[in-house]
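Dear colleague,

Please find below the structure that I am handing over to you. The findings follow directly after it.

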Amino acid sequence: MTLLGNMRNDDGVKICICGKKFAHTKAEIEELFGYRMSKGKRIEQSWCKECR
Ligand SMILES: [Zn+2]
C-alpha cells in the first residue's frame with residue numbers, strides 16, 4: 001500500500017477517513033474530494049472537502 005490515506009473498499013469505492021463520504025465515480029471524487037497536482041499528475045485528495 002503506497003497511497004497513504006487513499007482508502008477504497010472491495011468494490012473500489014473511495015471512502016474518506018470520516019466514514020461519511022463515498023465516491024463511486026470520477027465525478028464524485030472531483031465533487032467530494034477534489035484533486036491536487038503532484039509532479040504533473042492528478043492525485044486524488046485523501047480526505048473529503050469537509051474534513052480538510
Ligand atoms: Zn471526510
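Strands β4 (residues 35–38) and β5 (residues 41–44) pair with each other in the antiparallel sense, and 4 bridges join them. One bridge partner can be named here: Ser38 is matched with Lys41 in β5. The hairpin formed by β4 and β5 leaves 2 residues between the strands, and in this hairpin Lys39 adopts a positive phi near 55°. Please bear in mind that this is a predicted model.

A second set of strands forms an open sheet. This sheet holds 3 strands in the order β1-β2-β3, and its pairing is antiparallel. Its edge strands are β1 (7–8) and β3 (22–23), each of which pairs on one side only. Between β1 and strand β2 (residues 14–15), the antiparallel pairing runs over 2 bridges. Within that pairing, Arg8 has Lys14 in β2 as its bridge partner.

Turning to the helix, α1 covers residues 26–33, and Glu31 has its place there. Is Glu31 buried or partly exposed? Glu31 has 13 C-beta neighbours inside 10 Å, and it therefore counts as partly exposed; a residue would need 20 or more such neighbours to be buried, while 12 or fewer would make it exposed. Glu31 can also be related to a position later in the chain: the C-alpha atoms of Glu31 and Lys49 are separated by 8.6 Å, although the two residues are 18 residues apart along the chain.

As regards the protein as a whole, the model contains 1 helix and 5 strands. Following the sequence, these elements occur in the pattern β-β-β-α-β-β. The radius of gyration is 10 Å, close to the 10 Å that the globule rule gives for 52 residues, so the protein is as compact as a globular protein of that length. The C-alpha trace spans about 30 × 25 × 20 Å along its principal axes.

Two further values describe burial and contacts. Of the 52 residues, 10% count as buried. Among the contacts with a separation of 6 or more, 27% are accounted for by residues 24 or more positions apart.

In summary, the points I would place side by side are the hairpin of β4 and β5 with the positive phi of Lys39, the open antiparallel sheet of β1, β2 and β3, and the partly exposed Glu31 in helix α1.

With kind regards

Methods. Residues numbered from 1 in each chain as written. Predicted model: local features only at pLDDT ≥ 70, side-chain atom pairs only at ≥ 80, totals over all residues. Pairing = 2+ DSSP bridges. Rg over C-alpha atoms; globule rule 2.2 N^0.38 Å. Contact = placed C-beta atoms within 7 Å.
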